[in-house]
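Me: I am new to reading structures. Please take one part of this one and walk me through it closely.

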There are 2 protein chains.
Amino acid sequence: MFHIDAKHPTPLYHQLERSIKFAIATGKLRIGDQLPTVRQLAVDLRINANTVAKVYAELERSGVLQTRRGVGTFVHERPAELAFSRRDRDRNLRELADHFIAETHTRGFTLDEVIEHLDSRRRKRSAN
Amino acid sequence: MFHIDAKHPTPLYHQLERSIKFAIATGKLRIGDQLPTVRQLAVDLRINANTVAKVYAELERSGVLQTRRGVGTFVHERPAELAFSRRDRDRNLRELADHFIAETHTRGFTLDEVIEHLDSRRRKRSAN
DNA sequence: TTACTTGTCCCATTGTCGTAGTACAATACG
DNA sequence: CGTATTGTACTACGACAATGGGACAAGTAA
């Protein structure tokens with residue numbers, strides 16, 4: 001379900017957090033979908049249940065997930081962002097893109113290459 | 001010279017190692033070029049000298065750098081031999097894209113919107 | 001030679017990550 | 001009701017990352 005690499009020096013909690021956010025962003029997880037239980041996901045990824053629990057808790061704090069004891073953890077609806085003005089939105093996206101472009105460029109990727117990569121993932125998503 | 005983010009959960013030594021390798025791979029550092037001294041780079045990046053020293057030592061062990069006491073540390077291999085495999089490159093871009101997609105989405109941007117934004121920048125750039 | 005620079009090594013300390021195990025709280029269900 | 005399931009909380013522990021400080025080794029240069 002999610003992809004984790006224990007050999008990679010990046011902390012597991014961060015890999016998992018990114019993985020979950022990505023799954024939501026690409027539509028693999030939709031609003032209201034239930035995530036695996038803390039214990040089940042820990043078994044699947046071969047990591048500790050506490051690590052999973054901390055990620056779920058963190059994502060709930062930031063409003064991405066919603067958890068209900070005895071029931072499970074679900075993707076939470078997030079209506080808040082729309083409050084921004086169009087100008088704020090544009091500026092926000094521009095800043096994020098600035099950072100991303102700089103990051104990929106220093107690693108030797110061309111903008112064409114990057115866009116093509118994103119586009120191929122969009123196609124994969126819409127194929128679901 | 002190199003880019004390090006202390007707030008990022010990835011270990012500093014790993015960020016620095018990757019940063020140096022990319023600088024060589026992209027030609028910013030060439031064979032025989034001298035790198036900053038251990039202490040100087042530590043000051044520049046605001047990290048500890050031991051951390052820098054360990055990275056240099058590790059990169060010497062893997063043949064990327066060559067160090068001479070009292071003189072300095074230099075690029076050893078030809079960039080071509082250091083070039084990342086296609087798989088490494090793909091994986092790297094995938095990680096960066098994962099992060100970017102997740103980040104933009106949590107801020108309420110759709111993937112379509114993001115790609116369109118990048119595309120408009122590409123058009124502007126090629127117009128120059 | 002002496003002084004300086006550079007990389008190397010060692011120690012103690014701090015904080016984070018992750019594991020392991022246990023216990024508890026809230027909910028669902030028969 | 002009782003029981004299972006699920007999330008939460010807590011402690012203890014080991015490993016690693018990083019810091020700070022100091023000392024040493026090898027080379028350069030005056």
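Reply: What follows is a close look at the surface near one DNA strand, then at a hairpin and at the contact between two chains. Keep in mind that this is a predicted model.

Start with DNA strand D. It is surrounded by 24 residues. Among the closest are T37(A) from one chain, and P11(B), L12(B), N48(B) and G70(B) from the other. Several elements give two or more residues to this surface. From chain A they are helix 2 (38-45), helix 3 (49-61) and strand 3. From chain B they are helix 1 (12-25) and helix 3 (49-61). Helix 3 of chain A gives the most, with four residues. Sorted by class, the surface near DNA strand D has 10 nonpolar, 10 polar and four charged residues.

Now look at strand 3 of chain A, residues 72-75. Its partner is strand 2 of chain A, residues 65-68. The two run antiparallel, and four bridges join them. Within this pair, T67(A) stands opposite T73(A). Together the strands form a hairpin, with three residues between them. In the turn sits G70(A), which has a positive phi of about 75°.

Last, turn to where the chains touch. Chain A puts 33 residues into the contact, and chain B puts in 31. On the chain B side, helix 1, helix 5 (86-106) and helix 6 (111-127) each supply at least two residues. Helix 5 of chain B has the largest share, 13 residues. By class, this side of chain B has 14 nonpolar, 11 polar and six charged residues. Helix 1 of chain B thus appears twice: at the surface near DNA strand D and at the contact with chain A.

Terms used. Residues numbered from 1 in each chain as written. Chains lettered and ligands numbered in written order. Predicted model: local features only at pLDDT ≥ 70, side-chain atom pairs only at ≥ 80, totals over all residues. Pairing = 2+ DSSP bridges. Near = placed C-beta within 6 Å. Nonpolar A, V, L, I, M, F, W, Y, C, P; charged D, E, K, R; others polar. Contact = placed C-beta atoms within 7 Å.
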